[in-house]
Amino acid sequence: MASIDELKSRVDLHDLAGKLGLVRPHGQSNYRSPLHPDKKPSLSINVDCGKWKDHLSGKSGAFLDLVMYT
């Protein structure tokens, strides 16, 4: 069985975001938040550290947290 750290290294957060239905309008780097209307996309993904953050709500985390957030 894979550990959480192994899973974190295997999961592509941008791929996961797409599968969860998150949208990056017009090729922007950030995604629209799934929980509130965004005039400017507020959810960013940092692939270097394997984390995401919704800058309006302040919520952040790893891949499993993103699944629960959406």
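Val67 sits in helix α3, which covers residues 63–69. This is a predicted model, and Val67 is a handy place to start walking around it. With a relative accessible area of 36%, Val67 is partly exposed. Val67 also belongs to a nonpolar patch on the surface, where Leu20, Leu64 and Met68 join in to cover about 350 Å². To qualify for such a patch, a residue needs over 30% relative accessible area, so Val67, at 36%, gets in.

Now hop over to helix α1, residues 4–10, where you'll find both Arg10 and Glu6. Their side chains meet in a salt bridge, with 3.7 Å from N to O. That falls inside the cut-off, which asks for a Lys or Arg nitrogen within 4 Å of an Asp or Glu carboxyl oxygen. Arg10 and Glu6 are four residues apart, or about one turn of the helix. How open is each partner, exposed or partly exposed? Arg10 counts as exposed at 59% relative accessibility, while Glu6 is partly exposed with a relative accessible area of 36%.

Helix α2, residues 13–19, has a pair of its own: Lys19 and Asp15 lie there, four residues apart, again about one turn of the helix. Here the side chains form a salt bridge at 3.2 Å, N to O. Lys19 is exposed at 66% relative accessibility, and Asp15 is partly exposed at 41%. How many salt bridges does the count come to? The answer is two, so you've now met both of them.

Before leaving Arg10, have a look at what lies across from helix α1. Arg10 and Gly50 are 40 residues apart in sequence, yet their C-alpha atoms are 9.8 Å apart in space. Gly50 brings us to the strands, since this glycine is in the turn of the hairpin made by β1 and β2. Four residues lie between those two strands, and Gly50 has a positive phi of about 70°.

Strand β1 takes in residues 43–46, and it pairs with β2 in the antiparallel sense over four bridges. If you want a spot to check by eye, find Asn46: its bridge partner in β2 is Lys51. On its other pairing, β2 is joined to strand β3, residues 60–61, by two bridges, and these strands run antiparallel too. Lys53 stands opposite Ser60 in β3. The hairpin of β2 and β3 has five residues between the strands, and Gly58 there takes a positive phi near 85°.

Strand β2 deserves a second look for its side chains. Which of them are buried? Trp52 and Asp54 point to one face and are buried, while Lys51 and Lys53 point to the other face and are not. Why the back-and-forth pattern? In a regular strand the side chains alternate between the two faces of the sheet.

Over in strand β1, Ser44 makes a good stop. At 18% relative accessibility, Ser44 counts as buried, because the cut-off for that label is under 20%. Setting aside residues up to four places away in sequence, Ser44 touches Asn30, Lys51, Trp52, Lys53 and His55. With His55 there is also a polar contact, side chain to side chain, at 2.8 Å.

Our last stop is His36, in the loop between α2 and β1. Is His36 buried or partly exposed? With a relative accessible area of 21%, His36 is partly exposed, because the buried label needs a value under 20%. Its side chain makes two polar contacts to pick out by eye. One joins the side chains of His36 and Asp38 at 3.2 Å. The other runs to the side chain of Asp54, at 3.0 Å, and Asp54 is one of the buried residues we met on strand β2.

Beyond its neighbours within four places in sequence, His36 is in contact with Ser42, Asp54, Leu56, Ser57 and Tyr69. Gly58, from the hairpin of β2 and β3, can be placed relative to this loop as well: His36 and Gly58 are 22 residues apart in sequence and 12 Å apart in space, C-alpha to C-alpha.

Terms used. Residues numbered from 1 in each chain as written. Predicted model: local features only at pLDDT ≥ 70, side-chain atom pairs only at ≥ 80, totals over all residues. Heavy atoms only, no water. Patch = residues over 30% accessible without salt bridge, like charges linked within 9 Å, V, L, I, M, F, W, Y side chains within 5 Å. Areas by Shrake-Rupley, 256 points an atom, 1.4 Å probe, with all protein chains shown as cover. Buried < 20%, exposed > 50% of the residue type's maximum accessible area, 1.4 Å probe, protein only. Pairing = 2+ DSSP bridges. Contact = heavy atoms within 4.5 Å. Polar contact = N/O pair within 3.5 Å; in protein donor to acceptor, adjacent residues only side chain to side chain.
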